Amino acid sequence: VPCAAMWLSWMCPDVTRKISPMRFFDPIDVAHLERGRKKISELKWLMGKFEEEAKAQDLWGENCTPARANEIYGEIFDAVTHEIYCARLGLFTWQSVYNRLSANERRKRKEAGEALEVEENHDNSGIEE
């Protein structure tokens, strides 16, 4: 499912099938699906990034039309994904966007941890500056 389509399902109900917006789903709602609990956790993490950006830009609305949800997505997508370098990123599935963003965050945490370790080793070496 393309990331834009998942955002729409996240924000808006599926009226014809009588399904609430996915942001209201709980892990128990998808437990019957293969990897359902893990996928909903990943989806909540990713869509949380989009929600945070929408709120930061004063675009957030609890109840919005599909057209408005698409407008919001168009405004926030680049801000959320700015650290991912790919020419066709807008065509990626939500899972691919999640994989790239989460890998990027893990890399940044690792680098920050390594930098902290180097700093602590320097501080503990007894070398005065």
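In this predicted model, Cys12 is buried, with a relative accessibility of 7%. Cys64 is likewise a buried residue, at a relative accessible area of 16%. The sulfur of Cys64 has that of Cys12 as its closest cysteine sulfur, at 4.7 Å, and this distance is too far for a bond. A disulfide would require the two sulfur atoms to lie within 2.5 Å. The number of disulfides found is 0. Cys12 accordingly takes part in no disulfide, the nearest cysteine sulfur being that of Cys64.

Another cysteine, Cys3, belongs to helix α1, which spans residues 3–11. Buried positions in this helix are Cys3, Met6, Trp7, Trp10 and Met11. These residues lie on the same side of α1, because the arc they cover around the axis is only 130°.

Two of the buried residues of α1, Cys3 and Trp7, recur in the largest nonpolar core. This core contains 30 residues, and those with the most contacts inside it are Cys3, Trp7, Leu43, Leu46, Met47 and Phe50. Helices α1, α2 (36–56), α3 and α4 each contribute at least two residues to the core. The contacts of Phe50 can be listed individually. Leaving aside residues up to four places away in sequence, Phe50 touches Cys3 and Trp7, as well as Tyr73, Ile76, Phe77 and Val80. Cys3 and Trp7 lie in α1, while helix α3 covers residues 66–81.

Charged side chains were examined next. Side chains of opposite charge can pair when their charged atoms come close. Across the whole structure, 9 salt bridges are found. One of them is formed between the side chains of Arg68 and Glu71, with an N to O distance of 3.0 Å. Both residues are in helix α3, 3 residues apart, so that about one helical turn separates them. An α-helix has 3.6 residues a turn, so residues three or four places apart point the same way. Arg68 is partly exposed at 29% relative accessibility, and Glu71 is also partly exposed, at 45%.

A second salt bridge within a helix pairs Arg107 with Glu111, at 3.2 Å from N to O. These two residues are located in helix α4 and stand 4 residues apart, about one turn of the helix. Arg107 has a relative accessible area of 40% and is partly exposed. For Glu111 the relative accessibility is 42%, which also counts as partly exposed. Elsewhere, Arg35, Lys38 and Glu42 are joined into one network by salt bridges that share partners.

The salt bridge between Glu83 and Lys108 has its closest N and O atoms 3.0 Å apart. This pair links distant parts of the chain, as Glu83 is in the loop between α3 and α4 (94–124), whereas Lys108 is in helix α4, 25 residues apart from Glu83. Glu83 is partly exposed, with 31% relative accessibility. Lys108, at 35%, is partly exposed as well.

Terms used: Residues are numbered from 1 along each chain as its sequence is written. This is a predicted model: local features need pLDDT of at least 70, side-chain atom pairs count only at pLDDT 80 or more; totals for chains, interfaces and linings use all residues. Side-chain values use heavy atoms; hydrogens and water are left out. Buried means under 20% relative accessible area, exposed over 50%, partly exposed in between (1.4 Å probe, protein chains only). The arc is that of the directions from the helix axis to the C-beta atoms. A salt bridge is a side-chain nitrogen of Lys or Arg within 4 Å of a carboxyl oxygen of Asp or Glu. A nonpolar core is a set of buried Ala, Val, Leu, Ile, Met, Phe, Trp, Tyr and Cys residues joined through side-chain atoms within 4.5 Å. Contact means heavy atoms within 4.5 Å.
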